[in-house]
Structure formats: C-alpha cells, structure tokens
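Please read the model below from its sheets towards its ligand, keeping the sequence at hand.

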Amino acid sequence: MKKISVSDIAQHLGQEVELKGWAFNLRSSGSIVFLQFRDGTGRIQGVVSKKEVDAPSWEQAADLTIESSVVLVGTPKEEARSPFGYELDVKTLTVVQKAEEFPIGKKEHGIEFLMDHRHLWIRSPRQVAILRVRDEVVWQLRKFMKEEGFVLTDSPILTPTSCEGTTTLFETEYFDTKAYLAQSGQLYIEATASALGKVYDFGPTFRAEKSKTRRHLTEFWMLDAEAAYVENDGNMDIQEKMIATVVQNVLTECADELAVIERDVKPLLQVQSPFPRIRYDEAVEKLNAAGTKMELGSDFGGDEETVLSKMYDRPVFITHYPKSVKGFYFQPEEGNPERVLNSDLIAPEGYGEMIGGSQRIHDLKLLEKRMKEFKLPRKDFEWYLDLRRYGSVPHSGFGLGLERLVTWICGLEHVREAIPFPRLINRIRP
Ligand code: 4AD
Ligand code: MG
C-alpha cells in the first residue's frame, strides 16, 4: 500500500493508500463519520462507515475530536459533490493523538485571540494559503536574482552601527560592548558588490518601530540588492523587472492559494513594465491637487502613499526626494544637491512603500562630509569609507520588505498575517 500526500490523490484513484494528517472537521450520522482531513498539502473528506471498518477503527472514529492527528488507510475516488473533488473510503483509522478541545472554532474570533493562538491559527486554510504564497514569493525572488546574475552574500545581524538612523535600533549586549540588530544589510553588501559586482542578501532585519500601523513589524525580512556601476535609473529597471516577474509567476504558481484567500487578481495582472516614475516634487503637487495637503520638503506618510498609489494601476516609483528626509549615504542629484538620486516603490491599492532604493555616494570627501553632518562615529565606519578609497565606483541598490510584498500580493489588511510569527510593538508572543 502506498503512503501518499493528499496533493497526489488524483494519481491514485481506486488504489489503496495511506494518508497521515489531522481531522479538521467532523460530522457523524449514526453509522457513518464524515471526517474532513488535511495533511498540509491538501484536504479531502474521509468516509468512515461502521459496516466497512474494523471495530478498533470505528471506536476511534466515533470518539474523534477536531484537530486529532490520524492515519487513514483507504481508497480515494472522485466525488463531484465534495468541495475537495475527492473522497476517501476509509478502511482503517488510527488515532495518533486525540486532541483536546480545539480553542479555535468556527465562530468569529477577535484578532487578539487569534494572535494569542497564532501557533494554532496558522493551521486554518487561509493562513496555510498565505504561508504558501510567502514561500513561493521567496522562491521566485531568489530565482530572479540568480537568473539576473546576483550572488547571495548574506550580511550580519549583529552590528556595531546603524544603517537607517538610530531611532529604531534594537540594542543588545555583546560581551563587554554593545551591538545593534541590523536594520538593513546595505552597508555590508556595498562591500560585497565591489568583490562580486552584483549581490544581494536576504534575511531578518529589525526595527524598534514605535508606531502601531498595519505596515510595520519590528522583525521583518528584507532582500537588499546592490550592483556596481549601476546608477539610479538602472536600479529602478532591476526593481521593475523583479516585481513584474515575481508577481506574474506567483499568480501562475499560486492560483489555488489566491483563490482560497479570495484575492481579486485583476489588479495584479496589470503589474507589467514599465512602472511610472514620478519625481518627489511632482508627487507633492499631485497630492495637493487631489486635496491631500502636503508641504514640499516633508516626507510621505502612509496616508499620502495610499492616495498616490490609487492614482496608478501599477506600482509607482517616487524619485528624487529632498536630502533632508533621507539618510547619509544618498547620492545628490547633479546641479540640484537638495534632491537625491533615490526611488521608493509604492505598491498599488494602498499597500504603501514596498522598496526603498538609491544611488550611493561614491566620493570619499562627500561621504565624509555627510557622515560628519549626521554625527556618525567615524571609527565604526572606517571600513565603509575604505570602499571609497579602493576602487570606488558609482553603485546603487535597494531593499525590499518581504512582508509588504506578500501583504500586497495576498491583499491582506495587515502585515501581521504575512509572516508565521509576527513581532509587533505590543507582541512578542507566541
Ligand atoms: O526603505 P528602507 O528603510 O531602506 C533601507 O533599509 C535601505 N538600506 C535598503 C537598501 O537600499 N538596501 O527599507 C526597505 C524596505 C521598505 O521599503 C519596506 O518594504 C520594508 O523594508 N520595511 C518594513 N517592512 C515591515 N516592517 C517595517 N517596520 C519595515 N521597515 C521597512
Ligand atoms: Mg524607505
């Protein structure tokens, strides 16, 4: 008898098979137990008939509870009336562990209750579908980077300095000194870019975000990419191709999952190159014209990003921000030093900033000047300045927030569902 997964049922119709998984729902009509079964790869209804199974199987079936772990032996057949398409005529049933009363029922639960039970909530079909989309997004991102010639060079999480300012740093003891959890691996992959040309990293990053929004986690995954001899426009070309490719491939590979999540995929089908590129000044004008007041020189908040994103049918790059709202490493625009060569990629449908990217300062003197203005501790950045001493070249890169991308692709209300165990300002459990 073959041991198979539910996802392989179609190839084993009429044959006796063994399935290992969990009973996610139960219904009984005296001498028949209808057992809705899942194994992580799919779902199927098992029919346990008192007449057809041995006595121990029947006893265990009659006594089954939701989320008990079970092993079924039986014969699958097509069943048009079943939402799963197939049914299993069960021959034997063995309970591995009889579950206690499962805390998550069919009734509506509040979000705090679900978050407290995140370790169990992730078993629900919607959460399973989201986690599968996340897996596919990561796979597609890595595949894209590989195909484009980017080399994975992961950056450290424990660092002596900050990359994105000091307001959101997590500090930790590091023997007799201090360390900070990385906010982005950018500075380190600027170094590996001078070794390998085109590089990326992909890992957890940390920000002590003091705001409660639907877009901010304190621990999130970032893909940083960096390429030598690439300027700001070329940097946007890479991002545009990456997002369009990943979104279209995920649409194909995750059609079933997106249907479970009830994502309207029409807006995603539109995500094709080219994406509009709007200068910051023009974006501010557009906002004001649309009745959203914004002063020239200030940064966009979530609301402004939402209004902007709704003006376009695909992601939009906002470029050339004021240098006053960005970090120390941004290359100024030639002849217009108050503006920098950068781009924020804003997702459609109000999902906010997905990627932040820029051309980096490659001139030693200018970088030293900017670091002084930012009062950065020189000794901790000496190695970073070395990159401008030994074969410095124009270079650019970007950082993509994985959970923001997954939230948008899945059409979720909050970024907390886009990661298995979200970390938020008010939550570090489970
Ligand atoms: O725009 P950010 O701050 O850019 C950087 O960190 C650069 N050093 C990246 C680079 O050029 N290599 O962050 C990049 C992206 C944002 O666009 C957003 O998608 C995501 O990281 N992000 C967050 N995602 C979830 N929760 C948070 N608190 C996030 N903060 C940033
Ligand atoms: Mg940003």
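The paragraphs that follow take up the sheets, then some backbone details, and then the surroundings of the ligand.

This is a predicted model, and a convenient place to enter it is the sheet in which 8 strands are arranged in the order 7-11-12-19-18-17-14-13, an open sheet with mixed pairing. Its edges are formed by strand 7, residues 151-152, and by strand 13, residues 277-279, each of which pairs on one side only. Towards the strand 13 end of that order, strand 14 (residues 316-319) and strand 17 (residues 342-347) run antiparallel and are joined by 4 bridges; one residue to look for here is Thr319, whose bridge partner in strand 17 is Ser343. Helix 9 (residues 280-289) packs on this sheet, where it touches strand 13 and strand 14, and its direction makes about 85° with that of strand 13. Helix 10 (residues 302-309) also packs on the sheet, touching strand 14, strand 17 and strand 18, with a direction that makes about 75° with that of strand 17.

Another open sheet is built from 3 strands in the order 8-10-9, and its pairing is antiparallel. Because strand 8 (158-159) and strand 9 (171-174) stand at the edges with a single partner strand each, one side of each is left without a neighbour in the sheet. Strand 8 is joined to strand 10 (residues 177-181) by 2 bridges in the antiparallel sense, and Leu158 has Leu181 as its bridge partner in strand 10. The loop between strand 9 and strand 10 holds Phe175, a residue that is not a glycine and yet has a positive phi of about 50°.

Earlier in the sequence, strand 6 takes part in pairings of both senses. With strand 4 (residues 43-49), strand 6 (residues 86-97) pairs in the parallel sense over 3 bridges, and Val47 stands opposite Asp89 of strand 6. With strand 5 (residues 69-78), strand 6 pairs in the antiparallel sense over 10 bridges, and there Val71 has Thr94 as its bridge partner.

Two peptide bonds deserve a check when the backbone is inspected. The bond from Ser273 to Pro274 is cis, with omega near -5°, and Pro274 lies in the loop between helix 8 (266-269) and strand 13. A cis peptide bond also joins Arg429 and Pro430, with omega about -5°; Pro430 is found in the segment after helix 13 (402-410).

Which strands each supply at least two residues of the shell around ligand 1? They are strand 12 (219-228), strand 18 (352-360) and strand 19 (395-401), and strand 18 gives the largest share, 5 residues. These three strands appear in the order of the 8-stranded open sheet described above. In total, 23 residues surround ligand 1, and the closest are Glu164, Gln186, Asp224, Glu353 and Met354. By residue class the shell divides into 8 nonpolar, 7 polar and 8 charged residues.

At the level of atoms, a polar side-chain atom of Glu164 lies 2.7 Å from a nitrogen atom of ligand 1, while a backbone N or O atom of Arg215 lies 3.5 Å from a nitrogen atom of the ligand. For Gly401 it is again a backbone N or O atom that is involved, at 3.3 Å from an oxygen atom of ligand 1. On its own, ligand 1 has 630 Å² of accessible area, and the protein covers 94% of this.

Definitions and conventions
Residues are numbered from 1 along each chain as its sequence is written. Chains are lettered from A and ligands numbered from 1 in the order in which they are written. This is a predicted model: local features need pLDDT of at least 70, side-chain atom pairs count only at pLDDT 80 or more; totals for chains, interfaces and linings use all residues. Side-chain values use heavy atoms; hydrogens and water are left out. A residue is near a molecule or strand if one of its heavy atoms lies within 4 Å of it. A polar contact is a pair of N or O atoms within 3.5 Å; within protein, one must be able to donate a hydrogen and the other to accept it, and residues adjacent in sequence count only if both atoms are side-chain atoms. Accessible areas come from the Shrake-Rupley method with a 1.4 Å probe; for residues, only the protein chains shown count as cover. Ala, Val, Leu, Ile, Met, Phe, Trp, Tyr, Cys and Pro count as nonpolar, Asp, Glu, Lys and Arg as charged, and the others, Gly among them, as polar. Two strands pair if DSSP finds at least two bridges between them. Contact means heavy atoms within 4.5 Å. Axes are lines fitted to C-alpha atoms, for helices over the stretch in contact, and angles run from 0 to 180 degrees between N-to-C directions.
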